[in-house]
Amino acid sequence: QAIRELIHLLSYQAGDHIEISIASEEEITATLPETEFRQVLLNLLQNAVQAIGDKAGAITIQIAQNQQNLLITVADSGGGFSPDLLQQGIKPFVSLKEKGSGLGLVMVQRFAREQGGSLKLENDAASHARVTLTLPMTPAR
């Protein structure tokens, strides 16, 4: 539900040249801090929109559940992550964007860790970015 609402809002910002789709096996319910979760998802989706830029492109959100984890993967058809970022990891105040603060992915990573989960950045076979957020269905206490 939260992801569908964010996609609806983001579709106005993204424009008609970006197709946003969501794939989920079923309706999944997880107990997470809603405000922070929405902010994390919004950050990932905005990053994907910015990576595509003015070109025609696509963003795919996959939602799945394995054992006790919620897995959310955001993939875009943009230019992918730099080899430096993939090798060195996420660092505060280091941005790949001209006007970026370098805090977006730091905030996403911190949220994942606070919940007992993880954040994985990678490029797919076509060198497009793919971010996987893994969160326990019931957050850490």
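Q: How far apart are N and O where the side chains of Glu34 and Arg38 meet in a salt bridge?
A: This is a predicted model, in which local features need pLDDT of at least 70 and side-chain atom pairs count only at pLDDT 80 or more, while totals for chains, interfaces and linings use all residues. Residues are numbered from 1 along each chain as its sequence is written, and side-chain values use heavy atoms, with hydrogens and water left out. A salt bridge requires a side-chain nitrogen of Lys or Arg within 4 Å of a carboxyl oxygen of Asp or Glu. For Glu34 and Arg38, the N to O distance is 3.0 Å.

Q: By about how much are Glu34 and Arg38 separated in helix H2?
A: Helices (H or I, at least four residues) and strands (E, at least two) are DSSP runs, numbered from the N terminus. Because Glu34 and Arg38 are four residues apart in helix H2, their separation is about one helical turn.

Q: Does Arg38 count as buried, partly exposed or exposed?
A: Buried means under 20% relative accessible area and exposed means over 50%, with partly exposed in between (1.4 Å probe, protein chains only). Since the relative accessibility of Arg38 is 21%, Arg38 counts as partly exposed.

Q: Which residues do salt bridges that share partners join into one network?
A: By the rule given above, the count comes to four salt bridges. One of them pairs Lys120 with Glu122, whose closest N and O atoms are 3.7 Å apart, and another pairs Glu122 with Arg130 at 3.1 Å, N to O. Through shared partners, salt bridges also make one network of Glu5, Glu34 and Arg38.

Q: How far apart are the end C-alpha atoms of helix H1?
A: The expected span of a helix is 1.5 Å times one less than its number of residues. With 13 residues (2-14), helix H1 should therefore span 18 Å, and this agrees with the distance between its end C-alpha atoms, which is 18 Å.

Q: Which strands and helix are included in what covers the buried residues of H1?
A: The buried residues of H1 are Ala2, Ile3, Leu6, Ile7, Leu10 and Ala14. Their cover includes one helix, H2 (34-52), as well as strands S1 (18-24), S2 (57-66) and S3 (69-76).

Q: Which element supplies the largest share of the largest nonpolar core?
A: A nonpolar core is a set of buried Ala, Val, Leu, Ile, Met, Phe, Trp, Tyr and Cys residues joined through side-chain atoms within 4.5 Å. The largest such core has 39 residues, of which Phe37, Ile59, Ile61 and Ile72 touch the most other members. H1, S1, H2, S2, S3, H4, strand S4 (118-123) and S5 each supply at least two of its residues. The largest share, eight residues, belongs to H2.

Q: How far away is the nearest side chain of opposite charge to the buried Asp76?
A: Asp76 lies in strand S3 and, leaving aside neighbours within four places in sequence, has contacts (heavy atoms within 4.5 Å) that include Ala48, Ile52, Ile59 and His128. Lys and Arg count as positive and Asp and Glu as negative, whereas His and the chain ends are not counted. Asp76 has no salt bridge although it is buried, and Lys55, the nearest side chain of opposite charge, lies at a distance of 8.3 Å.

Q: Which residue has its backbone nitrogen 2.7 Å from a polar atom of the side chain of Asp76?
A: The side chain of Asp76, a residue of strand S3, has a polar atom to consider here. At 2.7 Å from that atom lies the backbone nitrogen of Gly78.

Key. Polar contact = N/O pair within 3.5 Å; in protein donor to acceptor, adjacent residues only side chain to side chain.
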